[in-house]
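User: I have a new structure to look at and have not seen it before. Can you walk me through it?
Analyst: Yes, go ahead and put it up.

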Amino acid sequence: MRLYLPANVEAGARIPLVVFSHGIGGSRRGYSYLGSHFAANGIASLHVQHVGSDRSLWAGNPFSLVGRLHDAAQEREAINRVLDLHFALDQLLAGEEGRQIDRTQIVVAGHSYGANTALLAAGARVERAGRVLEFRDTRYRAAILISAPPFYGESDPAHILRHVTVPTLHITATEDVIQIPGYYSGAADRIAVFEATGSPRKTLAIFTGGSHSIFTDRAGTGGVQLNAQVKAATRELALAFMKQVFGGASDALERWSERHQPIVARMVTAPLR
């Protein structure tokens, strides 16, 4: 785990927390542009490393890479990932740093495969042999889902995602295509996940251009200039979403959309109620 903590928190103060799940082949050290920004703005950010689908996949015999990626996408790893989040949050809240966390302002977040993990933690359900598999952690009050693919091997996203009822923020780009050996997911899949999610309070932001990896720490992917712009806008969007969900400025998302209009292809916000 890697924890980003705000500096100079007043004694007795309580701060929000984001629990972040990396994409396939990532690590706890990824997405630092988000973790460090959250901490600089008074929000703790806990980044979990998922052994079994982390950066170790890229090591070893390149001829067996497809097999390793296929294994990492199986149901057992998906379950292990959401259990990782549960364990990590338990450990943090039980420790010294946990005393600083506001239990009413905890958000689960993730990119790509990590967005699937976040959705499971937020209430997504799958069925196997007539038995419902549910891993919802009620401590999460909202979810930030970056480049969320459909659930591997599932054909009806609404059947799985209608049970997610916490406020959700979905972030993607028009060229957000996942293409790794043995797997392809087009940009339209990100919109399908947004539409299928049951949250009555949900927002979709689609950047123009970009790439799937533009949301990682990699610089230059999706265009050198656009990469920096999208990262900056994504940081701001996540903060605006959390401020709105947790009782801050009600027009935070609208003001964000106006500021970043040149690089935003589409933004949809469900009515708040």
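**Strand pairing and overall build**

Analyst: To begin in the middle, S2 and strand S4 (residues 101-111) pair in the parallel sense, over six bridges. Keep in mind that this is a predicted model.

User: Which residue in S4 does Ser 21 stand opposite?
Analyst: Ser 21 faces Gly 110 in S4.

User: And how many bridges are there between S2 and strand S3?
Analyst: S2 pairs with S3 (residues 44-48) over five bridges, in the parallel sense. One facing couple there is Val 18 and Ser 45, the latter in S3.

User: Is strand S2 mostly covered or mostly open?
Analyst: Mostly covered. S2 spans residues 15-21, and seven of its seven residues are buried.

User: Where do side chains point in a strand, in general?
Analyst: In a regular strand they alternate between the two faces of the sheet.

User: OK, zooming out. How many helices and strands are in the protein?
Analyst: The protein has eight helices and 12 strands. Its radius of gyration is 18 Å, and the globule rule gives 19 Å for 273 residues; the two values are close, so the protein is as compact as a globular protein of that length.

User: What box do the C-alpha atoms fill?
Analyst: Roughly 50 × 45 × 40 Å, taken along the principal axes.

User: How much of the protein is buried?
Analyst: Buried residues are 51% of the 273. The accessible surface comes to about 12200 Å², and carbon and sulfur atoms account for 52% of that surface.

User: What about contacts between residues far apart in sequence?
Analyst: Take the contacts between residues at least 6 apart in sequence: 76% of them join residues at least 24 apart.

User: Charges next. How many positive and negative side chains are there?
Analyst: There are 28 positive and 24 negative side chains, and the centres of the two sets lie 2 Å apart.

User: Different spot now. Where is Thr 174?
Analyst: Thr 174 sits in the loop between strand S8 (168-173) and strand S9 (178-180).

User: Why is Thr 174 called partly exposed?
Analyst: Because the relative accessible area of Thr 174 is 34%, and partly exposed covers values between 20% and 50%.

User: What is Thr 174 in contact with, leaving aside neighbours within four places in sequence?
Analyst: The partners of Thr 174 are Ala 187, Ile 206, Phe 207, Thr 208, Gly 209 and Ala 265.

User: And how many residues separate Thr 174 and Leu 46 in sequence?
Analyst: Thr 174 and Leu 46 are 128 residues apart in sequence, and their C-alpha atoms are 29 Å apart in space.

Methods:
Residues numbered from 1 in each chain as written. Predicted model: local features only at pLDDT ≥ 70, side-chain atom pairs only at ≥ 80, totals over all residues. Heavy atoms only, no water. Helix = DSSP H or I, 4+ residues; strand = E, 2+ residues; numbered from the N terminus. Rg over C-alpha atoms; globule rule 2.2 N^0.38 Å. Buried < 20%, exposed > 50% of the residue type's maximum accessible area, 1.4 Å probe, protein only. Contact = heavy atoms within 4.5 Å. Areas by Shrake-Rupley, 256 points an atom, 1.4 Å probe, with all protein chains shown as cover. Lys, Arg positive; Asp, Glu negative; His and termini not counted. Charge placed at Lys NZ, Arg CZ, Asp CG, Glu CD. Pairing = 2+ DSSP bridges.
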